[in-house]
Amino acid sequence: MADQTRVITFYDERMLDHHPNIEVPFLPDRMDKRIRQLLAGLGTPWKYPEHPGRLSAIHHLLEREPIAGLSFEPGRAATREQLARVHTTTYLNEIFSLRGQNAWLDVDTTAVSPGSIEAAEVAAGTSIAAVEAVMEGRSESAFALVRPPGHHAEPVRARGFCLFNNVAVAAAHAREALGCRRVMIIDWDAHHGNGTQEIFWADPDVLFFDIHRASPFYPGSGQLEEVGAGRGEGTIINVPVPAGTGDEAYLKAFRDILFPAADWFRPDLILVSAGFDPHWHDLALNVSYEGFGAMTGLLQSLAERHCDGHLVFVLEGGYNLESLARGTHAVLSVLAGAPPPAPGSCGVAEVEAAAAFHRSAFADPSDDTSAS
């Protein structure tokens, strides 16, 4: 049996109170009309994809299939000071003014409900709590199960279902309050983390590595040539990939690009923007559960090499409830001590099983080697 490595999962039910209801009139009136025109043009009923069931599905699976070595702790709300490290005062004033309201925030259909602002504060603060647990030595690794997600949120605006940039808030806290000089952020969500990239665009002490489905897939950023600027030039690493990209390419990107970059950068902490929409159930890419587990194993080895194993995952996207829950379970199993799985090519195991099932039907009955 593999040695168990303790991992803390942070979860807080206050994040379930973010629940935009598209049947309720949203403000301002002009934007409400425009968004409803866009939704009507889809031709099919539309529901808000980023809903409380995402966290509930993960939590329920972990209750049904518990992982040895995994413990739960509650989250907490981020302070305004902690949020202001990555978001402007004007933006924070605007967001806080929406507390208790229903509102559309952009044409990406980012919206809030009466409980959304507190949920977003808790999502950011819970990401901070996960980093503190690791840096204080209470756990070698941690996973912040949070929503709304964060990596599309920019310094001055909400985007892509994201209000506050959770992983950026956690990275800034690690540097400002916990003594981390260099933080590395790995984003494996199917969508490019445009907000995280913008926040750390010219920062030489945060390395941002993002593998994602290439433009024109939302949000359309993350070109290969986007590498940062000024003293931060070279600390932005984008790996845009085509639809259908799976385990083999992801792991190759980690070994051939991320590992040399980490050896050069030498981080004190590794954060992961962990979206599970690269799984084929979400139709964006073709990563398997074994692929998520194998990537986790590689990141564990990278963290052990450079930063005493300090590794924190922050949940991002993933909208198919089965693959979201199963992907998270696969990551947590490896963090808790299970050996990283060996990923395979999609369908190979099933073909091998079918070959074994059918093989006897094609055997020559005269070639009976069992008799002696």
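Visitor: What covers the buried residues of α6?

Guide: Keep in mind that we're looking at a predicted model. The cover over the buried residues of α6 includes α3 (80-83), α5 (116-135), β6, α7 (194-199), β9 and β10.

Visitor: How many of the residues of α6 are buried?

Guide: The general idea for a helix comes first. An α-helix has 3.6 residues a turn, so residues three or four places apart point the same way. In this case the helix is mostly covered, with 9 of its 12 residues buried. Those are N166, V167, A168, V169, A170, A171, A172, H173 and A174. From first C-alpha to last, α6 reaches 16 Å, close to the 16 Å expected at 1.5 Å a residue. Just after the helix, G179 takes a positive phi of about 80°.

Visitor: Let's pick one residue there. What does A170 touch?

Guide: A170 sits in helix α6, residues 166-177. Setting aside residues up to four places away in sequence, A170 touches S127, I128, V131 and L271. Its relative accessible area is 0%, so A170 is buried. Try A124 as well: 46 residues separate A170 and A124 along the chain, yet their C-alpha atoms are separated by 7.2 Å.

Visitor: On to the sheet. In what order do the strands come?

Guide: Strands of a sheet pair through backbone hydrogen bonds, either parallel or antiparallel. Here 8 strands make an open sheet, ordered β2-β1-β5-β10-β9-β6-β7-β8, and the pairing is parallel. The edges are β2 and β8 (236-241), each pairing on one side only. From one strand to the next, the twist averages 15°.

Visitor: Which strands does β1 pair with?

Guide: Take β2 (residues 70-73): 4 bridges join this strand to β1, and the two run parallel. T9 has F72 as its bridge partner in β2. Then there's β5 (residues 141-144), which pairs with β1 in the parallel sense, again over 4 bridges. On that side, V7 stands opposite S141. For a pair elsewhere in the sheet, look at β6 and β9, which run parallel and are joined by 5 bridges. D187 has S273 as its bridge partner in β9.

Visitor: Are the faces of β1 covered or open?

Guide: In a regular strand the side chains alternate between the two faces of the sheet. Now check β1, residues 7-10: V7 and T9 are on one side, I8 and F10 on the other, and all of these are buried, leaving both faces covered. T9 has a relative accessible area of 0%. Leaving out residues up to four places away in sequence, T9 touches L70, S71, F72, E73, F143, L145 and L332.

Visitor: And L315, which residues is that one in contact with?

Guide: L315 lies in strand β10. Not counting neighbours within four places in sequence, L315 is in contact with R54, L55, I58, F143, A144, L145, V146, P149, A274, F276, L324 and T328. This residue is buried too, with a relative accessible area of 0%. F26 makes a useful reference point: F26 and L315 are 289 residues apart in sequence and 27 Å apart in space, C-alpha to C-alpha.

Visitor: Now the helices. At what angle do α8 and α9 pack?

Guide: Two packed helices are described by the angle between their axes and the distance between the axes. For α8 (residues 247-265) and α9 (residues 289-306), the angle is about 10° and the axes are 10 Å apart. The two helices are therefore roughly parallel to each other. On the α8 side, the residues making contact include Y250, L251, F254 and L258, and on the α9 side they include A294, M295, L298 and L302. By class, this contact has 11 nonpolar, 3 polar and 4 charged residues.

Visitor: What else do the buried residues of α9 pack against?

Guide: Besides α8, they pack against β6 (183-187), β9 (269-274), β10 (311-315) and α10 (321-335). Among the buried residues are F292, M295, L298, L299 and Q300. The helix lies across β6, β9 and β10, running at about 140° to β10. With 18 residues, α9 reaches 26 Å from its first C-alpha to its last, close to the 26 Å expected at 1.5 Å a residue. D308 follows α9, with a positive phi near 55°.

Terms used
Residues numbered from 1 in each chain as written. Predicted model: local features only at pLDDT ≥ 70, side-chain atom pairs only at ≥ 80, totals over all residues. Heavy atoms only, no water. Buried < 20%, exposed > 50% of the residue type's maximum accessible area, 1.4 Å probe, protein only. Pairing = 2+ DSSP bridges. Contact = heavy atoms within 4.5 Å. Axes fitted to C-alpha atoms, helices over the stretch in contact; angles between N-to-C directions. Parallel < 35°, antiparallel > 145°, perpendicular 65-115°, else oblique. Nonpolar A, V, L, I, M, F, W, Y, C, P; charged D, E, K, R; others polar. Expected span 1.5 Å × (residues − 1).
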